[in-house]
Amino acid sequence: MRQLQLIDPNLTHSFQIKVTQKILHSQELTFLRTHIQNQDFLLSELSYFCFYFHPPSLSYDIVLYEKVDQNSIPMVFLCKSYIEKKLPNSQSVVFLFEKHFCFYYQQNLVTLKKINNASSEDIQSYIEQAYKVKVDSFVPLGYGELEKYQKEYQKRFLAQDQKTTFQVIKQKSFLYFQYFTAVATIVLLFLLYNIYDNSKQKQQNSQNIQTLSQSKLKNPIQEQYQYFQDKKPIKRLLTFLSDMEKYKIKVKQLKYEKGDFTAIVFDQKKQNLLQLLQSNVSYVDMENISYTKQKNLYTMELQF
């Protein structure tokens, strides 16, 4: 069982969206992503969120954090195991930490807030007024004590929470690649038909074809097709994506421009990026590689 990467509450953000009724399930994620992106947060492809709709207050509560690893979770998620083990009959629980408090309702994390000289009575009053429920339990707790519940959380709640946390900025690289492949296929089919048709015309009117050849007029689409035939960039791209899957490396950007593919990939281990480069040394050139200390990520730009 892999060790959990616990995210400090100082790096976890929470806010509330008031609504007049619950959003349709099919539109819910789009609605929430739009609101998150309109907030004053610095977002990236590592930004994830979970949410809870609280019927008594008609509000969506969002918890936002940076997920650098599959097992990265906000530390306050461990409160679920504490409730299950010590407060199984409590419907609404407030956990009070040194600099934060969090509110759980029916074992769902509703909100996480910083404490600015607020007393327990002030916090309880705020919860009861904002969420229109009575607080059943008020638990002062240290982060060190909360960390003891990691194994219980992994066994009971981790898989469930991974299904209910979502990327703020959806990965579009693979989607763009699918669009490109579909368009390229249509173009290639058109070119094959065009070549076949030209071949028939050549047999019927060799003199006209010779005149066009002498004038050196080339169809731009035919030139593009010839480039694909000679260079086989799609074949190289598929090999490259296969190697990425082998080393579990993530794509930040994939771009095709002026006959070349450019890719920006990232990973926490520099060695994985170098192995990817070595395995494709015959047709991949590394433009640069950089390290972001804040996110503990190595980023490499490739051209092939």
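**Strands, loops and empty space in a predicted model**

Thr 262 has Gln 303, in strand 14, as its bridge partner. The structure is a predicted model, and this pair of residues is a convenient place to enter it. Strand 12 (residues 260-267) and strand 14 (residues 297-303) are paired in the antiparallel sense, over six bridges. In general, strands of a sheet pair through backbone hydrogen bonds, in a parallel or an antiparallel arrangement.

The two strands belong to an open sheet of four strands with the order 11-12-14-13, in which the pairing is antiparallel. Strand 11 (250-257) and strand 13 (285-292) stand at the edges; each has a single partner strand, so one side of each is left without a neighbour in the sheet. With direction ignored, neighbouring strands of this sheet are turned by 15° against each other on average.

A parallel pairing is found elsewhere in the chain. Strand 6 (residues 92-96) and strand 9 run parallel and are joined by four bridges, with Val 93 standing opposite Ser 137 in strand 9. In a regular strand, side chains alternate between the two faces of the sheet. Strand 9 (residues 137-140) shows this alternation: Ser 137 and Val 139 point to one face and are buried, whereas Phe 138 and Pro 140 point to the other face and are not buried.

Another buried residue is His 54, which lies in strand 3 (residues 47-54). What is the relative accessible area of His 54? The value is 0%, and His 54 therefore counts as buried. Leaving aside residues up to four places away in sequence, His 54 touches Ser 59, Tyr 105, Tyr 131 and Val 133.

Two loop residues call for a look at the backbone. Gln 107 sits in the loop between strand 7 (100-105) and strand 8 (108-114), and its phi is near 60°, a positive value in a residue other than glycine. With a relative accessible area of 26%, Gln 107 is partly exposed. Asn 117 is placed in the loop between strand 8 and helix 3 (120-131). The phi of Asn 117 is also near 60°, positive in a residue other than glycine, but Asn 117 is exposed, at a relative accessible area of 83%.

The remaining topic is empty space. Rolling a probe the size of a water molecule over the atoms shows where such space is left. The count comes to one cavity of 30 Å³ or more. The largest cavity holds about 40 Å³ of space, and its lining includes Tyr 65, Lys 67, Phe 77 and Tyr 153. Strand 5 (72-74) and helix 6 (158-163) each supply at least two lining residues; helix 6 gives the most, with three. By class, five residues of this lining are nonpolar, four polar and two charged.

Of the pockets, the largest contains about 590 Å³ of space. It is lined by 20 residues, and the closest to its centre are Leu 11, Tyr 65, Glu 66, Gln 294 and Lys 295. Strand 1 (5-7) and strand 4 (59-66) each contribute at least two residues to this lining, which divides into nine nonpolar, seven polar and four charged residues.

The second largest pocket has a volume of about 470 Å³. Among its 19 lining residues, Val 68, Asp 69, Lys 248, Lys 250 and Gln 268 are the closest to the centre. The lining of the second largest pocket has six nonpolar, five polar and eight charged residues.

Definitions and conventions
Residues are numbered from 1 along each chain as its sequence is written. This is a predicted model: local features need pLDDT of at least 70, side-chain atom pairs count only at pLDDT 80 or more; totals for chains, interfaces and linings use all residues. Side-chain values use heavy atoms; hydrogens and water are left out. Two strands pair if DSSP finds at least two bridges between them. Axes are lines fitted to C-alpha atoms, for helices over the stretch in contact, and angles run from 0 to 180 degrees between N-to-C directions. Buried means under 20% relative accessible area, exposed over 50%, partly exposed in between (1.4 Å probe, protein chains only). Contact means heavy atoms within 4.5 Å. On a 1 Å grid over the protein atoms alone, a cavity is a set of points where a 1.4 Å probe fits but cannot get out, and a pocket is an open set with protein on both sides within 12 Å along at least five of seven lines; lining residues have an atom within 4 Å of a point. Grid points are joined across faces, edges and corners, and a volume is the space filled by probe spheres set on the points. Ala, Val, Leu, Ile, Met, Phe, Trp, Tyr, Cys and Pro count as nonpolar, Asp, Glu, Lys and Arg as charged, and the others, Gly among them, as polar.
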